[in-house]
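Me: I would like to learn how to read an interface and a sheet from coordinates. Please take one case and go through it.

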Protein chains: 2
Amino acid sequence: MSTVFKALSDPTRRKVLELLRKGPMSAGDLADHFSVSKATMSSHFAVLREAGLVVSEKDGKQVIYHLRLTVLEDALFEFTRLFGWSLAPAEEKPTEKETP
Amino acid sequence: MSTVFKALSDPTRRKVLELLRKGPMSAGDLADHFSVSKATMSSHFAVLREAGLVVSEKDGKQVIYHLRLTVLEDALFEFTRLFGWSLAPAEEKPTEKETP
DNA sequence: CTCACGTTTCGACGTTTATCTAAACATCAA
DNA sequence: TTGATGTTTAGATAAACGTCGAAACGTGAG
C-alpha cells in the first residue's frame, strides 16, 4: 500500500496512469507527453511497475505499458474502507435514462 | 494532491489518521501507539499538518490533533473521478437519537 | 553483419526524507 | 520560582529521490 501511495505522490506518474487509462502505450509515446529525459521517464516507469500499477510487455523494439487497474482499485478500496467510505468500481451503465 | 499522497505513503502517518478517526487526540497519546521517538512523531505530524490532513489546537500543556476529513476526501474524490470511480462520502452514522 | 532506433542502466549531483539524541520551549503545580 | 510534564526544534546521519548525460542493450531493417 505504501508503494502505491508513493507512486501516486508524483504528478508525472499520476499523469502516466491517466494516459494509460485510454489504452496501452509505448514507453516512447508516453515520454513524448512530458518534458523530462527518457532516463527520468524510465525511472518513473520502474516505480509504477514496482508498485504493481502497470505491467510492461515487449513488442519488437518497443515496450508497451498496460495499466493494472485492479491494483490501484484494491489499494484505494482498502484505504477508503478504513474511513467508512465506499469506493465503487467504474459504473459502466450511464445509458440508463429511466428515472421517472 | 501530491502532498496528500505523499503524506499517505507512510504507514505511521496512515495509522495516525486512522486513530484520529475515533476523535481528537493529543500528540503524546498518539505517539504512545508507535515505537519511534517523540521527535520523529512530531515530524510526522508536521507532514500531516502541511498536507492539510490534520489541524492542531493547543490545550494547556497538550497539543490536540484533529482529523480534517474533507481534505482527504477531496483529494481522493478528485483522483478516483479520473478513473471513473465513484467515491461516496462516509455514511452518516445513525447516531440520531430523536427523529420525532 | 552493420546500423539506427527505442529503451534501460550507470554514475553523478543536489534535495528530501526518516530517524535519532540533546536541547529548548511552554505550561501547570507546588 | 522551581520543577515536572508535554511538545517541538536543532543538528546530525544514512538512505532514498528526481534528475541528467552518456553508455549499453536488444531488435528489426537493409
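The turns below deal with the interface, then with the sheet.

Reply: This is a predicted model, in which local features need pLDDT of at least 70, side-chain atom pairs count only at pLDDT 80 or more, and totals for chains, interfaces and linings use all residues. Residues are numbered from 1 along each chain as its sequence is written, chains are lettered from A in the order in which they are written, and side-chain values use heavy atoms, without hydrogens and water.

Me: How many residues does each chain put into the contact, and what is the area buried between chain A and chain B?

Reply: The size of an interface is often given as the accessible area lost when the parts come together. Here that area (1.4 Å probe, summed over both parts) is about 2600 Å², with 69% from carbon and sulfur atoms. Chain A and chain B each bring 28 residues to the contact (heavy atoms within 4.5 Å).

Me: How many salt bridges cross the interface of chain A and chain B?

Reply: The rule asks for a side-chain nitrogen of Lys or Arg within 4 Å of a carboxyl oxygen of Asp or Glu, and it finds 0 between chain A and chain B.

Me: Which strands are joined across the two chains?

Reply: Strands are DSSP E runs of at least two residues, and two of them pair if DSSP finds at least two bridges. β4(A) and β4 of chain B (residues 86-88) run antiparallel, joined by 3 bridges; L87(A) has L87(B) as its bridge partner.

Me: What is the strand order in the open sheet of chain A?

Reply: The order is β1-β3-β2, with antiparallel pairing. β1 (25-26) and β2 (54-59) of chain A each have a single partner strand, so one side of each lacks a neighbour in the sheet.

Notes: Buried area = accessible area lost by both parts, 1.4 Å probe. Helix = DSSP H or I, 4+ residues; strand = E, 2+ residues; numbered from the N terminus.
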